[in-house]
Amino acid sequence: MKAAADAVAASRATDDADYPLFHVAPPVGRLNDPNGLITDGDTYHAFFQYTPNHPQRLVYWGHARSRDLTRWEYLDPAIVPDSRYDRNGAYSGTAFAGEDGYELWYTGNYKDPETGEREATQCLVTSPDLVTFTKDAANPIVERQPDGYTAHFRDPQVWRDTTDNPHHPDGAYRMLLGVQREDETGAALLYRSHDRRTWTVEGEVTFPDTDVFTTFGYMWECPNLLRLRDEVTGDDRDVLIFCPQGIHPNREGFENIFPCIYVVGELRGTQFVGTKGHYEEVDRGFEFYAPQIFARGHGDERGEQPLLMGWAGNAGEDDQPSIATGNWVHCLTVARELSLRDGRLYQRPRLDGLPTTVAVEQGMTTTSCALSALENSRSWRLILELSDTAAWEIVVGRQLRITYDRGVLTVDRSTSRYPHGETRHITLPQGSHQQVEILHDRSITEMYFGGGVLAFTCRSFLDADSTGVTLTAPEPLTLKTVEIARAD
């Protein structure tokens, strides 16, 4: 803990011109997966994989909290890798609201210094108030992987089945884990418990109506399960989100080193039925991985749609401009409100502390427009509804070009300071080019099209003097709606 505190005290991250204003970023060092996302009354808590003394690979759980998902307060790390079972890192996991407080479930990583053999265990930290944290004396709670699996056995999600679910009527607790079989194929594994201290293997998640997921990559990371009511059909459906490493689908997309996908169906026992082998990427951007759903905590009676945050990064891409300028790297996406429409996941950003206002350009018909309200701004939110047109281009600053031309979106950051990936082409769902929402926060840009049917995250790292937004089109288009909010 002292090592982390000393690193933060010496940090220059928040003085860096690229440090985001409304995205969660590390106080110092490296950030990756979101962990333990949970609400507590009117407060949102975001834990995250955190390496304060980067490039030393000793992973803590960092901790930030917010009441509006916009302004984040950073607290001391919640989990410190100071025990034998997590000596080589407190790896990813989730939060659960227990009877007397909160529980953080995570994977302890230990690597034998002589043999190099890895041990992965599932561990527990308890907290009465999400301020003080205590490792459970019985750790590790789940001591090793079952027979037939390697030590790539991690990222627990813990929840309680509701008694009104006809497929799981007893209200037992369940734990979902990403695993690798001994034949080096990936899967998800379910455990079951009645007290959250003694767990028994329930079995692999299987897909009886398809063989697509039988040998689907070599490891599944960060599985998350949530239940949504389809707004079109009215049916309750389960959505399984996970990151299968090592897949190479023969279709558009899946261009990052590891993808993140979702499948829609229904979990019955250990069988996930109704997918018909269909899966989609959660986010089509250059940087997106390991997303997690916010668990509902004590005093959360808002009944809001489920929220998700992801890591705006990729494995092996730590050499970024912010290391030199502020000794920090990576950030999380903003929280996204999730809904399901006709079997497709929709995502809309939630930034309660950044309300938009209508700009004067609303209703204008033009072929070229500079949004003056964003002049000299490097952190903002923009919502556009455009008349139907065959083509348009939005330029953020001078270095990020977002172009739509007859069904294809092109994002070009080739002239930015970011060293990984330059241009990407995406086929947009029909009609989604008319609704555009962009969040730009110094060195990260998120885009949402068609009311959230497609999301695109990228690190942008524009020059400090590369500000403003322009919209051009080869033919006149009408700005039906223009909403703008500045964070700076």
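In what follows, Lys and Arg count as positive and Asp and Glu as negative, while His and the chain ends are not counted. With that in hand, here are some exercises on this predicted model.

**Exercise 1. How many positive and negative side chains does the chain have, and how far apart do the centres of the two sets lie?**

Start with the counts: there are 46 positive side chains and 73 negative ones. Then take the centre of each set; the two centres lie 1 Å apart.

**Exercise 2. Work out how the chain compares with a globular protein of its length**.

Begin with the secondary structure, which consists of two helices and 33 strands. The radius of gyration is 22 Å, close to the 23 Å that the globule rule gives for 488 residues, so the chain is as compact as a globular protein of that length. Next, look at burial: 62% of the 488 residues count as buried. Finally, the C-alpha trace spans about 65 × 55 × 45 Å along its principal axes.

**Exercise 3. Why is there no bond between the sulfurs of Cys-260 and Cys-243?**

First recall the cut-off: a disulfide needs two cysteine sulfur atoms within 2.5 Å. The cysteine sulfur closest to that of Cys-260 belongs to Cys-243 and is 3.9 Å away, so the pair is too far apart for a bond. By this rule, the chain has zero disulfides. As for its surroundings, Cys-260 is buried, with a relative accessible area of 2%.

**Exercise 4. Find which residues Val-8 touches, leaving aside those up to four places away in sequence**.

Locate Val-8 in helix α1, which covers residues 2-9. Its contacts are Pro-27, Val-28 and Tyr-50. Now take Val-28: it is 20 residues from Val-8 in sequence, and their C-alpha atoms are 5.7 Å apart. With a relative accessible area of 36%, Val-8 is partly exposed.

**Exercise 5. Examine two peptide bonds and two phi angles in the backbone.**

Keep the usual pattern in mind: most residues other than glycine have a negative phi, and most peptide bonds are trans.

- The bond joining His-54 and Pro-55 is cis, with omega about 15°; Pro-55 sits in the loop between β2 and β3.
- From Asn-139 to Pro-140 the bond is also cis, with omega near -5°; Pro-140 belongs to the loop between β8 and β9.
- Cys-222 has a positive phi near 50°; this residue of strand β13 is buried at 6% relative accessible area.
- Asn-376 has a positive phi of about 70°; found in the loop between β24 and β25, Asn-376 is exposed at 57%.

Technical notes: Residues numbered from 1 in each chain as written. Predicted model: local features only at pLDDT ≥ 70, side-chain atom pairs only at ≥ 80, totals over all residues. Heavy atoms only, no water. Helix = DSSP H or I, 4+ residues; strand = E, 2+ residues; numbered from the N terminus. Rg over C-alpha atoms; globule rule 2.2 N^0.38 Å. Buried < 20%, exposed > 50% of the residue type's maximum accessible area, 1.4 Å probe, protein only. Charge placed at Lys NZ, Arg CZ, Asp CG, Glu CD. Contact = heavy atoms within 4.5 Å.
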